[in-house]
Amino acid sequence: MKPIVDIEPKESDSVFAKALKEGLIAGALALGLFCLIVGFRTDQNIRNELILTQRWGLLTIFVLVAAVARFVITYTAPWREERKKTKRVVEAKEPSAFRKSFPKIGLALLFVYPFLVITILALSQWYFTGQWSYQSGVQGSLKYVDNFGIQILIYVMLAWGLNIVVGLAGLLDLGYVAFYAVGAYSYALLSTHFGFSFWLLLPMAGIFAATWGVILGFPVLRLRGDYLAIVTLAFGEIIRLILINWTAVTKGTFGISGIAKATLFGIPFVPGPNGFAALLGLPNSGVYYKIFLYYLILLLALLTAWVTIRLRRMPIGRAWEALREDEIACRSLGINTTTTKLTAFATGAMFGGFAGSFFAARQGFVSPESFVFLESAIILAMVVLGGMGSLVGIAIAAAVMIGGTELLRELEFLKRVFGNDFTPELYRMLLFGLAMIVVMVWKPRGFVGSREPSAFLHKRKVVSGEFTKEGHG
Amino acid sequence: MVSEVQKNTSAILRVERLSMKFGGLIAINDLNFEAKRGAITALIGPNGAGKTTVFNCITGFYKPTEGMLTLTRQNGEEYLLERMADFVITKKAKVARTFQNIRLFSGLTVLENLLVAQHNPLMLSSGFTVLGLLGFPTYRKAAADAIEKARFWLEKINLVDRADDPAGDLPYGAQRRLEIARAMCTEPELLCLDEPAAGLNARESAELNKLLLDIRAETGTSILLIEHDMSVVMEISDHVVVLEYGTKISDGTPDMVKNDPKVIAAYLGVEDEEVVELIEQAEAAGVDDITAAVDLLSTEALHEIVEAHPEAEPVELIPAAAIAEVASSKARSARKPVAKKTQPTATAAAIKAGSTSNALAGPRGGKPDKLILIKGIGPVNERKLNEHGIFHFDQIAAWKKADVIAAETYLAFDGRIAREDWIAQAKKLAKESQVKPAPKKTGGAK
């Protein structure tokens, strides 16, 4: 015991020196490595001559990043070690007051979001120009309501729908975007050919997608794990290839354009005497439609959440979660795992279909381009990053991933740092990957790794992620 | 209970000509037996005898190659189990099962585990989710009833306090009990338990016996169990079926089976070399089993003496009975040396050095208390305590600080006696044994 006590102060003294040394070594290594790779650049000029450009500034940045990062890592190592020790609690902690009320605060914010944006924009306009104009705020809000609000909420809804299949029932589905496509094309085709209204086609798109969910579910009932993932992936591709090649119906890669917009109880969002703006005596603007769509997708997403929360307290929801934990035990308790799996596929697919028909109504144009595998992967990434089964976690993950991508377009100052030909959007996949690795290292179970029990006898205690399983298929 | 079993002698499960082949391997070969309604039937046999395969056939997890499994429900309905899917067997034929390696839903809470087991009735009352989703009161009432039923079983298995903890967080013994309660929540008429006492300590397996007898007495559920722990089999079962290499070698009451030479041969083997092997295995397994092995060796030696001098020893039957005893009752093998073997060592070597102040030369009245009833004392420590002259609860209850230190020295403990509060436990047990001098049978020794 004693010698350790003696050594300890010495060690903590030398941490700084050690970190400094390691930082310098890392810097030197980086210098050696990048000196020729980054420090010099060869180009051909117009006369085909080779010219050497020196980039000492960039090289300095590289070296500094390496040195500083190494220094910080080494310097904080003892502290992190200490924290790891104290943080090893198996029981999930009771959520703080903020985390408990977070869903309510978030919900309230979502409902006032468009007006908040308009007000803030109008205020900033007034601050900079001294002119108060509410209308300019309305016009400026288009980008924030459409690109941020609607875009994020579509993905929130898709991720919540997929959460039923992956997070609750534990069935890995890599082809979820297929149901999104079925919903979108159902609306696009039926509305352009038969002129059905959005409100009729919205539930129909859900039903069609659910039917396709069952059709996919049947052959994959016996599959698990990797095999299930591959078959669902193939299913997603099959749907996309059908959309491309069945040109007589889908017009192939050209896509279907001129899809009818949604209406508010029969009031169309068009310029003119019968339009929404004219009826309310507002100046003509496309923003109203976007704000209407924002509230529509918000309500659809909330419907998904409400159904998910209700279903978890139903026997079927518990059977899904039990299926994720242990399928054989489920069958030994008299649960028909076939119908249980199929209902999970169908319910998840239905919400995908709703989101799809909304997507078609919002874009006014659908093409197979929108339903590539990458979309499935992004939606699945949201579910995994957010924490499988947790609605709040998944919503945060969707907001961060989609909002983050949109935000990258806004970062003009990066051009001043990296030069004018730097386009931050191109790096979004790199940043996605980085973010995923960071989150998975820091929180392997996602943002919200714990699970809320569906029933309790004395006290609702959250179940730590240590105990829950990810499912086997 | 016995009278009830005799009164209602109809078989709940009839297994006829059951065969199960996996490729060339014959796991079960032409097996016939019956499980009586309201009785506890035990299926025993050496490892690999095909017991679990029989279970998997009964519960539909395997489809038997040949044979008929007839289940007769209380209301007279008959089901041919070999034709039904596994989940239908639980749903319609009311057969529930547990697993050899516990299969709980570890990420769900204890309560949720019991609610999942009530899936089918809840599904009906929720109108296949539709009515429940719309918030109809029928489902709300059914859900409340389901929680009450879960609470009833939680009280039975003594886990009410941990109802809201994840099932994976429970200790092993509690997980076993929870799995039984979960199976009972499906309201079965036949409960199939696959080694329910595996991995339980003496106290837990005594509790398990009580739980199973309780289940039968209160719900009238018939029980079919696979078990290696003979203290469970011999104490609670009404009927024992012994399998070896997929064939039935014995069938009857526990006493009958225990003395069946075929069973003894199946469990012990017959050659001397095999006995030596058994002892080596026991040594490798741990000190606990050495007593059993030594005991076995001594009876084996006796047997040889008898064979060598048949005229000198008139009591030939004793060794055979002793072998049967060892074979059938692991429990007694631990209990017997206490009475037979350690007592002489204690008297011969007087009391070992470093003993506590109130050590006795031998148990009062020649009958030591069951010290293993104290939480923290296992068979090994009991023997050590006996060797140091501690035989009774009141002796431990009277320990002073110095005695505790002395005892911990020879038990090689570090403060465990105080931590587990042996002295208070012993006081309580001593008082109990004074109130009713014959302590109730616990079957605790293992």
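Which residue in β9(B) does Ile44(B) stand opposite? Keep that question in mind while you select the strands of chain B, and remember throughout that this is a predicted model.

**The sheet of chain B**

Begin with the open sheet of 6 strands in chain B, which you can follow in the order β6-β7-β8-β3-β9-β10, and whose pairing is mixed. If you colour β6 (95-97) and β10 (247-252) of chain B, you will find them at the edges; each has a single partner strand, so one side of each is left without a neighbour in the sheet. Looking across the strands, you can see that neighbours are turned against each other by 15° on average, when direction is ignored.

Next, select residues 40-44 and 239-244 of chain B, which are strands β3 and β9, and which pair in the parallel sense over 4 bridges. Here the opening question is settled, for the residue of β9(B) that stands opposite Ile44(B) is Val242(B). Now add helix α2 (residues 51-58) of chain B, which packs on the sheet and touches β3, β6, β7, β8 (222-226) and β9 of that chain, while its direction makes about 145° with that of β7(B).

**Two residues with positive phi**

Stay in chain B and select Asp30(B), which is found in strand β2 (residues 25-36) and has a positive phi of about 50° although it is not a glycine. Asp30(B) counts as partly exposed, because it has 14 C-beta neighbours inside 10 Å.

Then move to Glu195(B), in the loop between β7 (190-194) and α9 (202-219) of chain B, where again a residue that is not a glycine has a positive phi of about 50°. Is Glu195(B) buried or exposed? With 21 other C-beta atoms within 10 Å, Glu195(B) is buried.

**Where the chains touch**

Now show both chains and select the contact, which takes 31 residues from chain A and 34 residues from chain B. On the chain A side, α11 (315-325) and α12 (327-332) each supply at least two residues, and the largest share, 7 residues, comes from α11(A). Coloured by type, the chain A residues that touch chain B divide into 15 nonpolar, 6 polar and 10 charged.

**Confidence along chain A**

Finally, colour chain A by pLDDT, for which the mean is 83, with 92% of the residues reaching 70 or more. Among the elements of chain A, helix α13 (residues 337-363) has the highest mean pLDDT, 92, and helix α9 (residues 276-279) the lowest, 70. End at residues 1-9 of chain A, where the pLDDT is below 50 and where the stretch has 0 contacts in the model beyond near neighbours in sequence. Where pLDDT is low, the predicted coordinates should not be read in detail.

How values were computed: Residues numbered from 1 in each chain as written. Chains lettered and ligands numbered in written order. Predicted model: local features only at pLDDT ≥ 70, side-chain atom pairs only at ≥ 80, totals over all residues. Contact = placed C-beta atoms within 7 Å. Nonpolar A, V, L, I, M, F, W, Y, C, P; charged D, E, K, R; others polar. Buried ≥ 20, exposed ≤ 12 C-beta atoms within 10 Å, placed from the backbone. pLDDT = per-residue confidence, 0-100. Pairing = 2+ DSSP bridges. Axes fitted to C-alpha atoms, helices over the stretch in contact; angles between N-to-C directions.
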